[in-house]
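Work through the exercises below with the structure open. Try each task before reading its solution.

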Amino acid sequence: MSMKLHVHQLMGSLLLLFSAGLAAQQADGERVSALLRNVCVNGVQLHYMESGSGIPVVLIHGGLGDYREWNSQIGRISNHYRVIAYSRRYNYPNDNADILPDHSAIVEARDFAALLDTLKLERVHVVGYSYGALTALFFATEHPERVRSLTLAEPPILGWLPEIPGGKAELDKFMETMWTPAAKAFRRDDPETALRITCDYFAGKGSYDQVPAEFRQSLVDNIREWKALTTSRDAFPMLSRDSVRNLKLPILLLTGEKTLAPLRMINNALTHLLPNAERSPSPARLMICGLRIQKDADKQLPIS
């Protein structure tokens, strides 16, 4: 089977899986957790699970999430590929004490490269959403020879917004309404308020109190990553447009039908930079921090 056909089959499968949503079933979680392993790279611990055999596919979760986000998809993908889902350095169940003042997707991309080295993986398919997609993009621009294909769901390349019509206003709203207030809450040791502010921005006022207890717990499990990002000096470093434009590999771009305005703007910019990329809206409605919106009668609730 040709490499091109392999890639198209993988991307088609991933699109179907994203469309099914990222919510994990409890039985899947128990089965997948039994496969959990960990390695030490770049002075930090990274937990990961792997299943299946063949060409490797690595899954990178978004903000306020962890490897468990992929529980429902791992079994299906591992029927055809060697699938690896890992938790980034400040995400559950990693216990890395020191939070860097300049934590960013560049740091995460270096961790990802070191993880691949440790697992002796030369070339992989990379799937990422939200901050995981930004991590994947930084990695791909630095190591394009190691990427078989990229599947990206709404990478928050916020540095591009000031150059997009209307983007500066959306960036200011994001920073003033959510990012800066959340950081201030963390600095005064009030993580619950930081989560409430975050959920208010992404899912509507008061949404934190409406979510199921298990989803709220998953946010708490990953609170240190959100603190690391919101209090970082440069959580969203500039990504060169030229470096993205020069990527010569299969790329699938996913976006949510109810995505937020700044992410829609960034996704449109990506489609212009990457005219040969495959594109598809995803009913998963992915968003920057891993929160997704689902219709429930007359209200919208974020679900895990």
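**Exercise 1. Describe how H4 packs on H5.**

Solution. Start with the axes: those of H4 and H5 come within 8 Å and cross at roughly 70°. This is a predicted model. Angles from 65 to 115 degrees count as roughly perpendicular. H4 and H5 are therefore roughly perpendicular to each other. Next, the hand: H4 passes H5 in a right-handed crossing.

Now list the residues. H4 contributes Ala105, Ile106, Glu108, Ala109, Phe112, Ala113 and Leu116 to the contact. H5 contributes Tyr131, Leu134, Thr135, Phe138 and Phe139. Sort them by class: the contact of H4 with H5 has 10 nonpolar residues, one polar and one charged.

**Exercise 2. Place Thr135 and Leu137 in their surroundings.**

Solution. Take Thr135 first. It sits in helix H5, residues 131–142. Is Thr135 buried or exposed? Buried means under 20% relative accessible area. Thr135 has 0% relative accessibility, so it counts as buried. Beyond residues up to four places away in sequence, Thr135 touches Tyr86, Arg88, Ala105, Glu108 and Ala109.

Turn to Leu137. This residue also lies in helix H5. Leu137 is buried, with a relative accessible area of 0%. Set aside its neighbours within four places in sequence. Leu137 is then in contact with Leu150, Leu152, Pro155, Ile157, Leu239, Val244 and Leu247. Look at the last of these partners. Leu137 and Leu247 are 110 residues apart in sequence, yet their C-alpha atoms are 9.6 Å apart in space.

**Exercise 3. Characterise the two crossings that involve H6.**

Solution. Two packed helices are described by the angle between their axes and the distance between the axes.

Begin with H6 (residues 167–187) and H7 (residues 191–203): their axes come within 7 Å and cross at roughly 165°. That makes H6 roughly antiparallel to H7, since angles over 145 degrees fall in that class. The crossing of H6 and H7 is left-handed. From H6, the contact uses Phe174, Thr177, Met178, Pro181, Ala182, Ala185 and Phe186. From H7, it uses Pro191, Thr193, Ala194, Ile197, Thr198, Tyr201 and Phe202. The contact of H6 with H7 includes 11 nonpolar residues, three polar and no charged ones.

Go on to H9 (residues 223–230). The axes of H6 and H9 come within 9 Å and cross at roughly 115°. That makes H6 roughly perpendicular to H9. The crossing of H6 and H9 is left-handed. On the H6 side are Met178, Trp179, Ala182, Ala183 and Phe186. On the H9 side are Ile223, Trp226, Lys227, Leu229 and Thr230. By class, the contact of H6 with H9 has eight nonpolar residues, one polar and one charged.

Finally, compare the two lists. Met178, Ala182 and Phe186 appear in the contact with H7. Met178, Ala182 and Phe186 also appear in the contact with H9.

**Exercise 4. Find the unusual backbone geometry and locate it.**

Solution. Recall the background: most residues other than glycine have a negative phi, and most peptide bonds are trans.

Check the peptide bonds. Which kind of peptide bond joins Tyr92 and Pro93? The bond is cis, with omega about 0°. Pro93 is in the loop between strand E4 (82–86) and helix H4 (105–118).

Check phi next. Asn42 is not a glycine, yet its phi is positive, at about 50°. Asn42 belongs to the loop between strand E1 (36–41) and strand E2 (44–51). Its relative accessible area is 46%, and Asn42 is partly exposed.

Leu64 is another non-glycine residue with a positive phi, near 55°. Its place is the loop between strand E3 (56–60) and helix H3 (71–77). Is Leu64 buried or exposed? At 3% relative accessibility, Leu64 counts as buried.

**Exercise 5. Summarise the whole chain.**

Solution. Count the elements: the protein has 11 helices and 10 strands. Then assess burial. Of its 304 residues, 58% count as buried. The accessible surface comes to about 12800 Å², and 49% of that belongs to carbon and sulfur atoms. Last, consider contacts with a separation of 6 or more. Residues 24 or more positions apart account for 75% of these.

Conventions
Residues are numbered from 1 along each chain as its sequence is written. This is a predicted model: local features need pLDDT of at least 70, side-chain atom pairs count only at pLDDT 80 or more; totals for chains, interfaces and linings use all residues. Side-chain values use heavy atoms; hydrogens and water are left out. Axes are lines fitted to C-alpha atoms, for helices over the stretch in contact, and angles run from 0 to 180 degrees between N-to-C directions. Helices (H or I, at least four residues) and strands (E, at least two) are DSSP runs, numbered from the N terminus. Angles under 35 degrees count as roughly parallel, over 145 as roughly antiparallel, 65 to 115 as roughly perpendicular and the rest as oblique. A crossing is left-handed if the near helix is turned anticlockwise from the far one by less than a right angle, and right-handed if clockwise. Contact means heavy atoms within 4.5 Å. Ala, Val, Leu, Ile, Met, Phe, Trp, Tyr, Cys and Pro count as nonpolar, Asp, Glu, Lys and Arg as charged, and the others, Gly among them, as polar. Buried means under 20% relative accessible area, exposed over 50%, partly exposed in between (1.4 Å probe, protein chains only). Accessible areas come from the Shrake-Rupley method with a 1.4 Å probe; for residues, only the protein chains shown count as cover.
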